[in-house]
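Thanks for asking me to look this one over. My notes follow as numbered points, with the cut-offs given where each term first comes up.

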Amino acid sequence: MANKVVCIEDNPQNSRLIRKMLGSAGYHVIEAGDGASGHEAVLRERPALILMDVNLPDIDGLELTQRIKANPELQHIPVVALTANAMYGDRERCLAAGCNDYLPKPVTKSMLLSTVASLLGDAAPTVAGS
Ligand code: MN
């Protein structure tokens, strides 16, 4: 499905917020709370896009990205890194690991929707109710 997104994020509030923001634009979000279940969800669901928290309890999100990008069946799926501590060099680290884009937290609805839409080749979504 072209609107399916796997969100790998261990903070339930962040994950729920992302699901609501993307859901309002018509995306279907599958949530995973750690790297292992996130990897399983990606293998099972074959989403159109992956949102990857860099700080996960069981594995570094960038290491998981490298594993996904090393799998010929998954490497076409765009990965957007989410990082809590926006520091100099974060963007370069994320891109070097194979991420297609990068969003510093807190993620705003307009940034999230425009980034996802551009990676999926969708028309820029209209944000309802704001
Ligand atoms: Mn985290």
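1. Glycine 23 belongs to helix α1; helices (H or I, at least four residues) and strands (E, at least two) are DSSP runs, numbered from the N terminus. At 37% relative accessibility, glycine 23 counts as partly exposed, a label for values between buried (under 20% relative accessible area) and exposed (over 50%), with a 1.4 Å probe and protein chains only. Its C-alpha is 26 Å from that of proline 57, and the two are 34 residues apart in sequence.

2. A word on the basis of these notes: this is a predicted model, in which local features need pLDDT of at least 70 and side-chain atom pairs count only at pLDDT 80 or more, while totals for chains, interfaces and linings use all residues. Residues are numbered from 1 along each chain as its sequence is written, and side-chain values use heavy atoms, with hydrogens and water left out.

3. Glycine 26 sits in the loop between α1 (12-23) and β2 (28-32). With a relative accessible area of 43%, glycine 26 is partly exposed. Between its C-alpha and that of proline 72 there are 28 Å in space, and 46 residues along the chain.

4. How do α1 and α5 pack? Their axes are 10 Å apart and the angle is about 65 degrees, α5 being residues 109-120. Axes here are lines fitted to C-alpha atoms, for helices over the stretch in contact, and angles run from 0 to 180 degrees between N-to-C directions. The crossing of the two helices is right-handed: the near helix is turned clockwise from the far one by less than a right angle, where anticlockwise would make a crossing left-handed. On the α1 side the contact (heavy atoms within 4.5 Å) is made by Ile18, Met21 and Leu22, and on the α5 side by Lys109, Leu112, Leu113 and Val116. By class that gives six nonpolar, no polar and one charged residues; Ala, Val, Leu, Ile, Met, Phe, Trp, Tyr, Cys and Pro count as nonpolar, Asp, Glu, Lys and Arg as charged, and the others, Gly among them, as polar.

5. Which residues coordinate the manganese ion? Asp10 (OD), Asp53 (OD) and Asn55 (O) do, at 2.0 to 2.2 Å. Aspartate 10 lies in the loop between β1 (4-8) and α1, and aspartate 53 in strand β3, so the pair ties together parts that are 43 residues apart in sequence. The donor spacing reads D-x42-D-x1-N. Donors are N, O and S atoms within 2.8 Å of the metal (3.2 Å for Na, K and Ca), and water is not among the atoms, so sites may look incomplete.

6. The two aspartates are worth viewing side by side. Aspartate 10 is partly exposed at 35% relative accessibility, whereas aspartate 53, in strand β3 (residues 49-53), is buried at 2%. The side chain of aspartate 53 makes a 3.1 Å polar contact with the side chain of lysine 105 and reaches the backbone nitrogen of asparagine 55 at 3.4 Å. A polar contact is a pair of N or O atoms within 3.5 Å; within protein, one must be able to donate a hydrogen and the other to accept it, and residues adjacent in sequence count only if both atoms are side-chain atoms. Not counting residues up to four places away in sequence, aspartate 53 touches Ile8, Glu9, Asp10, Gly61, Leu82 and Lys105.

7. Please check two backbone details. Lysine 105 and proline 106 are joined by a cis peptide bond, with omega about 0 degrees; proline 106 is in the loop between β5 and α5. Arginine 46, in the loop between α2 (35-45) and β3, has a positive phi near 50 degrees. For context, most residues other than glycine have a negative phi, and most peptide bonds are trans. Arginine 46 is partly exposed, at 36% relative accessibility.

8. Leucine 62, in helix α3 (residues 61-69), is buried at 7% relative accessibility. Leaving aside neighbours within four places in sequence, leucine 62 is in contact with Val54, Arg93, Cys94, Ala97 and Cys99. From leucine 62 to arginine 46 it is 19 Å, C-alpha to C-alpha, and 16 residues in sequence.

9. Lastly, is aspartate 101 buried or exposed? At 17% relative accessibility, aspartate 101 counts as buried. It is in strand β5 (residues 101-104), and its contacts beyond four places in sequence include Val79, Arg91 and Thr115.
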